[in-house]
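Open the model in your viewer and keep the sequence panel beside it. The tour below goes from one selection to the next and says what is found at each stop.

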Amino acid sequence: MNYLQINGGNKLNGSVRISGAKNAALPLLASTILSKNPLTIKNVPNVKDINTLLKLLSNLGSTFTFSDNKVIINSSTITSTMANYDIVKTMRASILTLGPLLSAFGHCEISLPGGCAIGQRPIDLHLKALELMGAEIEIKQGYVVAKAKKGLKGANIVFDKITVTGSENIIMAAALAKGETKIVNVAKEPEVIQLCQVLQDAGVQISGVGSNELVINGTDREKLDMKDFSVIPDRIEAGTYLCAGAITNSKITVLDIIPEHLEAVFNKLEDMGFSLKIHENSVILEPAQKIEARSIVTSEYPGFPTDMQAQFMALMTQANGVSIVEERLFENRFMHVSELQRMGASIMLRGSSATVQGKIQLYGADVMATDLRASSALILAGLIAKGTTKIHRIYHLDRGYENLEKKFKDLGVDIIRLDE
Ligand code: UD1
């Protein structure tokens, strides 16, 4: 197994290019199940989660090539509808094949994803919505066995809670359903919006895109004529590099972004004392005179993203004063706290909130990555820690960050990947 070794203390400088968004590419790849023709998807990040989904699609019968961030995929050759445990257990997002397989084939068998480091993460809302669309669903031996013999039909769905992959699953299911599906309290994340736009380009009528209520007119199982497209930039990767600039109080440029998607992160950084020069597809972060302590409350887009919570917590250790993090989406998303504490951070946990006392000198230590974003917080801490930080179990990072060491190295970080 690999680990990352960082010698802290360097200021960063220069620029970093942001890759395509993993969380956008995943549902978009799953949506090719709905396509009757092959298509090319550009700006696909070459990260573990994407390769896992491609492997799953290939097990189902898709054929693809993936090079230079370009996927050419033909899912019209799918013959199997079973996503087995071996793959689903490595990536929860495999559940994104449920909606499209069920609507395209009238049945499917998807292993239940189970819990993960950041909490229980049920899929009850996905299942309830599909049942409203006429699916018969049973849980058998750890599998969701779903059937809709005559195909799915349009329905009125009101999500009790906003769910990103739940919304994506139902949008894909509705695209091939018979009649009109109304989805109320749908997620508005940019990744959900791109999925809608790609389906619109393939001829599906969708109204309300970008609002919290969608109306989708299904094609009654007629497969789609999907067109080529390029995946939107990864707002979480961009936010992570901005936090790297911020925690080291350096000037860096982050390229290939959609600034609108980063508003909550920009606002918080400015509030903490950093200056931002925002251009059409890039942003320059300038150091703060004094990093101010500020609090965050995670929420659904356009609120402050839970996927940026851990990185900001690392940054808060270098802010002057007390900051509070209130995690509203995932009950157990504080796995990074104990590792940051081992590096010297002063953080008090109470239920879903963490109180961070800054500014504290952090010290290099052996730390363990526990989930994707928690791991990136440990890298950020390593950037300013005195001495050497070794981050173990970095397969979590490889799930979602493309060319991570190279990007950090190019910004001036002393970082190296080594074998245990
Ligand atoms: C997606 C993102 C993940 C991000 C999260 C929240 C992908 C692949 N992953 O995850 O990076 O952290 O959104 O922005 O896009 N819930 C239920 N029942 C359900 C579904 C969800 O109770 O059936 C709850 C969850 O436990 C959680 C909340 O709803 O408390 C939001 O979860 P959800 O938006 O579904 O997260 P994911 O789509 O899994």
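**Stop 1: a loop residue with positive phi**

Begin by selecting Asp68, which sits in the loop between β4 (63-67) and β5 (70-74). Keep in mind throughout that this is a predicted model. Asp68 is not a glycine, yet its phi is positive, about 50 degrees. Is Asp68 buried or exposed? Its relative accessibility is 75%, and because exposed means over 50%, Asp68 counts as exposed.

Now jump along the chain to Asn403, in the loop between α13 (395-398) and α14 (404-410). Asn403 also is not a glycine and has a positive phi of about 50 degrees.

**Stop 2: a buried serine**

Select Ser35 next. This residue belongs to the loop between α1 (22-31) and β3 (39-42). Ser35 counts as buried because its relative accessibility is 1%, and buried means under 20%.

Which residues does Ser35 touch, leaving out those up to four places away in sequence? Show Ser76, Lys223, Leu224 and Met226, and you have them. Then display the side chain of Ser35 and the backbone of Asn37: a polar atom of the Ser35 side chain lies 2.8 Å from the backbone oxygen of Asn37.

**Stop 3: the ligand**

Select the ligand and display the residues around it. The shell holds 18 residues, and the closest are Thr163, Val164, Thr165, Asp307 and Leu329. By type, the shell residues divide into seven nonpolar, five polar and six charged.

Colour the helices α5 (124-132) and α6 (164-175), since each supplies at least two residues of the shell. Which element gives the most to the shell? That is α5, with three residues.

Three side chains are worth a distance label here.

- Asp124: a polar atom of its side chain is 2.7 Å from a nitrogen atom of the ligand.
- Thr163: a polar atom of its side chain is 2.7 Å from an oxygen atom of the ligand.
- Asp307: an N or O atom in its side chain is 2.6 Å from an oxygen atom of the ligand.

On its own the ligand has 740 Å² of accessible area, and the protein covers 89% of that.

**Stop 4: helix α9 and its neighbours**

Select residues 263-271, which form helix α9, and show the buried residues: Ala264, Val265, Phe266, Lys268 and Leu269. What do these buried residues pack against? Add the helices α8 (235-247) and α10 (309-316) to the view, then the strands β16 (275-278), β17 (282-286) and β18 (296-297); the buried residues of α9 pack against these elements. Past α9 comes Gly273, with a positive phi near 110 degrees.

**Stop 5: two cis peptide bonds**

From there, move to the loop between β18 and α10, where Pro302 is found. The peptide bond from Tyr301 to Pro302 is cis, and its omega is near 10 degrees.

For the last selection, go to Lys359, in the loop between β21 (353-358) and β22 (366-368). Where is the cis peptide bond here? Look at the link from Gly358 to Lys359, which has an omega near -5 degrees.

Methods: Residues are numbered from 1 along each chain as its sequence is written. This is a predicted model: local features need pLDDT of at least 70, side-chain atom pairs count only at pLDDT 80 or more; totals for chains, interfaces and linings use all residues. Side-chain values use heavy atoms; hydrogens and water are left out. Helices (H or I, at least four residues) and strands (E, at least two) are DSSP runs, numbered from the N terminus. Buried means under 20% relative accessible area, exposed over 50%, partly exposed in between (1.4 Å probe, protein chains only). A polar contact is a pair of N or O atoms within 3.5 Å; within protein, one must be able to donate a hydrogen and the other to accept it, and residues adjacent in sequence count only if both atoms are side-chain atoms. Contact means heavy atoms within 4.5 Å. A residue is near a molecule or strand if one of its heavy atoms lies within 4 Å of it. Accessible areas come from the Shrake-Rupley method with a 1.4 Å probe; for residues, only the protein chains shown count as cover. Ala, Val, Leu, Ile, Met, Phe, Trp, Tyr, Cys and Pro count as nonpolar, Asp, Glu, Lys and Arg as charged, and the others, Gly among them, as polar.
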